[in-house]
Structure formats: C-alpha cells, structure tokens
Amino acid sequence: MRSEKLTLIMVNLAGIMERADESLLPGVYKEVGQAFDIDPTSLGSLTLFRSMVQSACYPLAAYLALHYNRAHVIALGAFLWATATFLVAFSSSFLQVAISRGLNGIGLAIVIPAIQSLIADSTDDSNRGVAFGWLQFTGGLGSIIGGFVSVLIASTSFMGIPGWRIAFHLVGLISVVVGILVRLFAHDPRFSDDKPRIPPQSFWSETKNMYAEAKTVINIPSFQIIVAQGISGSFPWSALSFAPMWLELIGFSHKTTALLWTTFAVATSIGGLCGGKLGDTLAKHFPDSGRIILSQISAGSAIPLAAILLLAIPDNPSTAFTHGLVFFIMGLIISWNGSATNKNCS
C-alpha cells in the first residue's frame, strides 16, 4: 500500500512537470518571436511540429508501456523532454528551436500512456474518474508553474541571459530531478524486480498484434465518436496557447497576464477534479449515458463562453477583472471531458 501511494505521488509529480513543459513555450511566445524575428504563424508551427512528432511516437510509447517497467519508461521520457527543454534554452536560431521542440514531443509521448495506464491499473470504474481528476488537477499545477513562471520572468534578464531562456533552464532542471525520483521510488505492479519483462514474441510479431488490437478498438463506435470529438475539441485548446501573447498584445502587463493565465489554469485544475467526481456519480445512476451527458454539457458550454471572452468583452487592459472572471468560469466548466469521460470509456 505504501508503495502504491508513493508511486501515485511520483506519477503525479511527472504529470506536473509534463504539463509545465507543455505550457512553457506559449507563455513566452512574444519574447521568442522578438528574439528570432518570427511572426505568430511561425510560433504556432513550433507547437504543430511538436504535436506531429508526439503523435507519431505514440505507437512506440504504447509498446514501451505494454512491455517494460512503466516507472522506468516515465523516467526515460522525463529525461528526454528535459534534454529537449535545455536545448531550446540554448538555441540560437528558429530552426534549432523547432528541432528541439520536436525532440520534446518524443519525451512527452513516451510518458503520457505510461502515466495513464498506471493510474488505470490502480482504480476501478467507481473511482477512476476521481483518480484521473487528481491527475488533471496536479497537471494543472504544472500549467500554473510553467505558464506563470515563464510569463513573469520573460521580460527580465539575469547576468545578460534573457528571462525566457532562464524559464526553460529551470523547468529542464526540475524535470531531471523528477525523472530521478520516479526512477528511484516509483513501482510498476507488473514487475517484481528492476529487470524489464522480455516480450514473449519478436518485435515484429508484437507490432502486428498491436496493429490488430488497434483495428479492433477503432471499430468500436463509441471510440470513433470520442476521437472525432477530440479532434474538433483540440482546436480551441490549441488556440488557447496563444492567450498569454494575445493578452499582452491588447495591453495587459506581464504580471496581469500571468495572473489571468494562472486563474484559468487553477480553474481547469479544479474543473478536472470536479468533472471526474461528477462523472463517477452520474455513471452509478446512468451507466450508459451519465458520462456522455456530462461531456456534452462541458463541450457545449465552451461556445458561448468563448464568444463572451472574444467578442463581448472589450480588448482593453482596464477589464482585467472581467477577463479573469470569464477565464475562471470557462476553465471550470470546459475541463470535464478528460477525467469524466474520455479516459473512462473503454
């Protein structure tokens, strides 16, 4: 029992730093754009490139999570994304930043399936939503760390080093520490010792089996709907990565922008935890539809809330309180899907 609790703590620490690393670059878009003389389109391509590499590496990540000690896989991913984060801090050209972000996607891809499968193995349908809600909550803390710190120190410098580079150094260093802690203290219940389990078949045979299993899963109608909604639903979340730069361009200071973005991150963290609990509760009373209904409410509410944020509120730095209020309400409601439904329907 003590080993399980310690493992969950380590896994959530890794989740914190994974989200911190993801939110780091969007928090310093403006400064990176000025440093390399690139426009918002090019800045967006950095996230696109990282996401493409990350998506391409998910089959490898699934294979590693299935056949090897998942605690060790998480530690490996942490070391990889930390290395890529350091490389971004040392980059002297846009191309170097792009390559480093691509490498960053490899580390993030390796970690995510291992983290989620460890959480799933330690829960059942009655409390799985809460477990994933806590993972989303702690991940939100990572977004706060990455977003708040990067925005806050982006305009500063230390010994001639720009603040945005210092932010990448800090997150990279902490990620290395977390990777070491996970490697030393996290435990995968499938393994009784530190030796990786040898696949019973050849790599090619295992790959074919994984492909066959993937085809079976893809043919499930519920899974197809979840994927379709996930594709369309990822667009606004990707667009939100430009929110710090947007707030600064319409006149908000770095401190106010950091506060507003932190407000949104706190709200999404609380919303994920509440969504997981609500999903578990509704699933008990409505096993076939409870989680789905909750997600429909969450996804549908994003449209009017986004309209209020972008169209109804004036683009004026004097409206900081109103922006913060809408950001908080939006984050609290639109963040239910993952913990309540997507990670529980199988």
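Contact means heavy atoms within 4.5 Å. The exercises below use this term for a predicted model, in which local features need pLDDT of at least 70, side-chain atom pairs count only at pLDDT 80 or more, and totals for chains, interfaces and linings use all residues. Residues are numbered from 1 along each chain as its sequence is written, and side-chain values use heavy atoms, with hydrogens and water left out.

**Exercise 1. The chain as a whole**

Task: Describe the secondary structure, dimensions and surface of the chain.

Solution.

Step 1. Helices (H or I, at least four residues) and strands (E, at least two) are DSSP runs, numbered from the N terminus. The chain has 15 helices and two strands.

Step 2. The radius of gyration, taken over C-alpha atoms, is compared with a globule rule of 2.2 Å times the number of residues to the power 0.38. For this chain the radius is 20 Å, close to the 20 Å that the rule gives for 346 residues, so the chain is as compact as a globular protein of that length. The C-alpha trace spans about 60 × 50 × 40 Å along its principal axes.

Step 3. Buried means under 20% relative accessible area, exposed over 50%, and partly exposed in between (1.4 Å probe, protein chains only). Of the 346 residues, 46% count as buried.

Step 4. Accessible areas come from the Shrake-Rupley method with a 1.4 Å probe; for residues, only the protein chains shown count as cover. The chain exposes about 16900 Å², and carbon and sulfur atoms supply 70% of this area.

Step 5. Among contacts between residues at least 6 apart in sequence, 82% join residues at least 24 apart.

**Exercise 2. Charges**

Task: How many positive and negative side chains does the chain have, and how far apart do the centres of the two sets lie?

Solution.

Step 1. Lys and Arg count as positive and Asp and Glu as negative, while His and the chain ends are not counted. The place of a charge is NZ of Lys, CZ of Arg, CG of Asp or CD of Glu.

Step 2. On this basis there are 20 positive and 19 negative side chains, with the centres of the two sets 4 Å apart.

**Exercise 3. Cysteines**

Task: How many disulfides does the structure hold?

Solution.

Step 1. A disulfide is a pair of cysteine sulfur atoms within 2.5 Å. The structure holds zero disulfides.

Step 2. C57 counts as buried because its relative accessibility is 14%. C274 is partly exposed, since its relative accessible area is 38%.

**Exercise 4. Helix 2 and two positive phi angles**

Task: Where are D37 and M159 placed, and is each residue buried or exposed?

Solution.

Step 1. Helix 2 covers residues 29-36, and its buried residues are Y29, E31, V32, G33 and F36. Just after this helix, D37 takes a positive phi of about 55°.

Step 2. D37 sits in the loop between helix 2 and helix 3 (40-56). Its relative accessibility is 71%, so D37 counts as exposed.

Step 3. M159 lies in the loop between strand 1 (157-158) and strand 2 (161-162). The phi of M159 is near 55°, a positive value in a residue other than glycine. M159 is exposed because its relative accessible area is 73%.

**Exercise 5. Three residues and their surroundings**

Task: Which residues do G27, A258 and D315 touch, leaving aside those up to four places away in sequence?

Solution.

Step 1. G27 belongs to helix 1 (residues 2-27) and is buried at 3% relative accessible area. G27 touches S150, V151 and P244. Its C-alpha atom is 34 Å from that of H187, which is 160 residues apart from G27 along the chain.

Step 2. A258, in helix 12 (residues 254-285), is buried at 0% relative accessible area. A258 is in contact with F148, V151 and L152. The C-alpha atoms of A258 and G147 are separated by 7.0 Å, with the two positions 111 residues apart along the chain.

Step 3. D315 is in the loop between helix 13 (290-312) and helix 14 (320-333), and is partly exposed at 48%. D315 touches W246 and I250. Its C-alpha atom is 9.6 Å from that of F252, 63 residues apart along the chain.
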